[in-house]
Amino acid sequence: MAVTIDENICNGINACTEGGLCIECCPTGAIKNKEDKPNVSYFSCVDCGICVNKCPNQAIIAARRS
């Protein structure tokens with residue numbers, strides 16, 4: 001499973017107080033800038049949770065494990 005980004009909470013990379021830190025901190029490069037919004041590649045995301053902990057708006061949600 002991969003993390004998801006709540007677009008209702010994420011204000012975009014240019015408006016982010018951390019300037020898109022989720023993109024910079026992703027160890028697999030699974031988060032990319034797509035039209036000023038972070039976009040997750042579900043094939044590359046390993047659900048490590050680093051971006052979840054770094055997001056200043058708490059817009060990134062960890063995948064639920066069953």
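**Disulfides.** I looked for disulfides in this predicted model and counted zero. The cut-off I used was a pair of cysteine sulfur atoms within 2.5 Å.

I then took up two cysteines one by one. For Cys 25, I found the closest cysteine sulfur in Cys 51, at 5.9 Å, so the two are too far apart for a bond. Cys 25 has 17% relative accessibility, so I entered it as buried.

For Cys 55, the closest cysteine sulfur belongs to Cys 16 and lies 6.3 Å away, so I recorded no bond there because the distance is too long. I noted Cys 55 as buried too, as its relative accessible area is 16%.

**Confidence.** I checked how far the prediction can be read. The mean pLDDT of the protein chain is 93, and 95% of its residues reach 70 or more. I also went through the elements of the chain: strand S1, residues 4–5, has the lowest mean pLDDT, at 94, while strand S2, residues 31–34, has the highest, at 97.

**Cavities.** How many cavities of 30 Å³ or more does the structure hold? I found two.

The largest cavity has a volume of about 110 Å³. I listed 15 residues in its lining. Those nearest its centre are Cys 10, Cys 16, Gly 20, Cys 22 and Cys 55. Two of these names, Cys 16 and Cys 55, are the pair I had entered above with sulfurs 6.3 Å apart. Sorted by class, the lining of the largest cavity has eleven nonpolar, three polar and one charged residues.

The second largest cavity has a volume of about 70 Å³. Its lining includes the cysteines Cys 26, Cys 45, Cys 48 and Cys 51. I also wrote down Val 3, Thr 28, Ala 30, Ile 31, Val 46, Asp 47 and Gly 49 as lining residues of the second largest cavity. By class, I have eight nonpolar, two polar and one charged residues for this lining.

**Ser 44.** Where does Ser 44 lie? I placed it in the loop between strand S3 (37–40) and helix H2 (50–54). Buried or exposed? Neither: I put Ser 44 down as partly exposed, because its relative accessible area is 31%.

I next asked what Ser 44 touches, leaving aside its neighbours within four places in sequence. Ser 44 is in contact with Thr 28 and Ala 30. Ser 44 and Thr 28 are 16 residues apart along the chain, and I have their C-alpha atoms separated by 6.4 Å. Thr 28 and Ala 30 are both in my list for the lining of the second largest cavity.

Definitions and conventions:
Residues are numbered from 1 along each chain as its sequence is written. This is a predicted model: local features need pLDDT of at least 70, side-chain atom pairs count only at pLDDT 80 or more; totals for chains, interfaces and linings use all residues. Side-chain values use heavy atoms; hydrogens and water are left out. pLDDT is the predictor's confidence in each residue, from 0 to 100. Helices (H or I, at least four residues) and strands (E, at least two) are DSSP runs, numbered from the N terminus. On a 1 Å grid over the protein atoms alone, a cavity is a set of points where a 1.4 Å probe fits but cannot get out, and a pocket is an open set with protein on both sides within 12 Å along at least five of seven lines; lining residues have an atom within 4 Å of a point. Grid points are joined across faces, edges and corners, and a volume is the space filled by probe spheres set on the points. Ala, Val, Leu, Ile, Met, Phe, Trp, Tyr, Cys and Pro count as nonpolar, Asp, Glu, Lys and Arg as charged, and the others, Gly among them, as polar. Buried means under 20% relative accessible area, exposed over 50%, partly exposed in between (1.4 Å probe, protein chains only). Contact means heavy atoms within 4.5 Å.
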